[in-house]
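Got your viewer open? Let's take a short walk through this one, selecting a few residues at a time.

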Amino acid sequence: MSTFTQIIYQIVFSTKHRTHALKGTEERIALYKYIYGILKNNKCMLYQINGVENHLHIATHLHPEVSLSTLVKTIKVSTSHWIKQQNLFPDFAGWAQGYGAFTYTIKEKSALIRYIEKQESHHRIITFEKEFRGLLREHGIDYEERFLFSNRG
């Protein structure tokens, strides 16, 4: 029997210390295209990617042979090198440690895509920290506040 999956992930991660380093819409679009290439090379389906100056959201389906942690590590390491090589974001000091990954059903895919598309307008109203806490609560993930946004990166 073949392997069949339909697991949609929203992956969220921020810049180191949540600095507003990802400045410039055109530059972010170049970064998104680079991440798309990483996902494609890992046989993952990209549904949407967007973000603001201090964090990114990626909606993707993972190929069954790809582990989530390995994919996120690959994205972060590859993009860090590429950003520095291209001098794309001069204030970029790297990605924060850790990430959030939340699962969605196929019925929720369209709403998730719309949510990620509207990141710029969304973050005129709400901070990344408040948004991330909301995602954790929405998905029933317990956390200790003191470890949530530690200064580890």
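Start with the lining of the second largest pocket: its residues split into three nonpolar, five polar and three charged. This is a predicted model, by the way. To see the pocket, select His20, Val52, Glu53, Asn54, His55, Glu120, His123, Ile126, Thr127, Phe128 and Glu129, which line the second largest pocket. Its volume comes to about 160 Å³.

Keep Phe128 selected, and add Phe102, Phe132 and Phe149. Ring pairs join these four, Phe102, Phe128, Phe132 and Phe149, into a cluster.

Next up, the aromatic pairs. How many aromatic pairs are there by the ring-centre rule? The count is seven. For the stop at hand, show Tyr34 and Trp82: their ring centres are 4.5 Å apart and the planes sit at 10 degrees, so this pair is stacked. Colour the helices and you'll find Tyr34 in helix α1 (residues 25-41) and Trp82 in helix α2 (residues 68-86), so the pair ties together parts 48 residues apart in sequence. Switch on a surface and look at each partner. Tyr34 is partly exposed, at a relative accessible area of 30%. Trp82 counts as buried, with 15% relative accessibility.

Now go back to the cluster and zoom in on Phe102 and Phe132. Is this pair stacked or edge-to-face? Phe102 and Phe132 are edge-to-face, with 6.1 Å from centre to centre and 65 degrees between the planes. Phe102 belongs to strand β4 (residues 100-104) and Phe132 to helix α5 (residues 128-138), so here too distant parts of the chain are linked, 30 residues apart. Try the surface again: Phe102 is buried, with a relative accessible area of 2%, and Phe132 also counts as buried, at 9%.

Last, two stops for backbone fans. Most residues other than glycine have a negative phi, which makes the next two worth a click.

Select His17, in the loop between β1 (8-14) and α1. His17 is not a glycine, yet its phi is positive, near 60 degrees. His17 is partly exposed, with 41% relative accessible area.

Then jump to Asn87. You'll find Asn87 in the loop between α2 and β4. Its phi is also positive, about 50 degrees, although Asn87 is not a glycine. Is Asn87 buried or exposed? Asn87 is exposed, with a relative accessible area of 53%.

How values were computed. Residues numbered from 1 in each chain as written. Predicted model: local features only at pLDDT ≥ 70, side-chain atom pairs only at ≥ 80, totals over all residues. Heavy atoms only, no water. Phe/Tyr/Trp six-rings, centres within 6.5 Å; stacked < 30°, edge-to-face > 60°. Helix = DSSP H or I, 4+ residues; strand = E, 2+ residues; numbered from the N terminus. Buried < 20%, exposed > 50% of the residue type's maximum accessible area, 1.4 Å probe, protein only. 1 Å grid on protein atoms, 1.4 Å probe; cavity = no way out; pocket = protein on both sides within 12 Å on 5 of 7 lines; lining within 4 Å. Points joined across faces, edges and corners; volume = space filled by probe spheres on them. Nonpolar A, V, L, I, M, F, W, Y, C, P; charged D, E, K, R; others polar.
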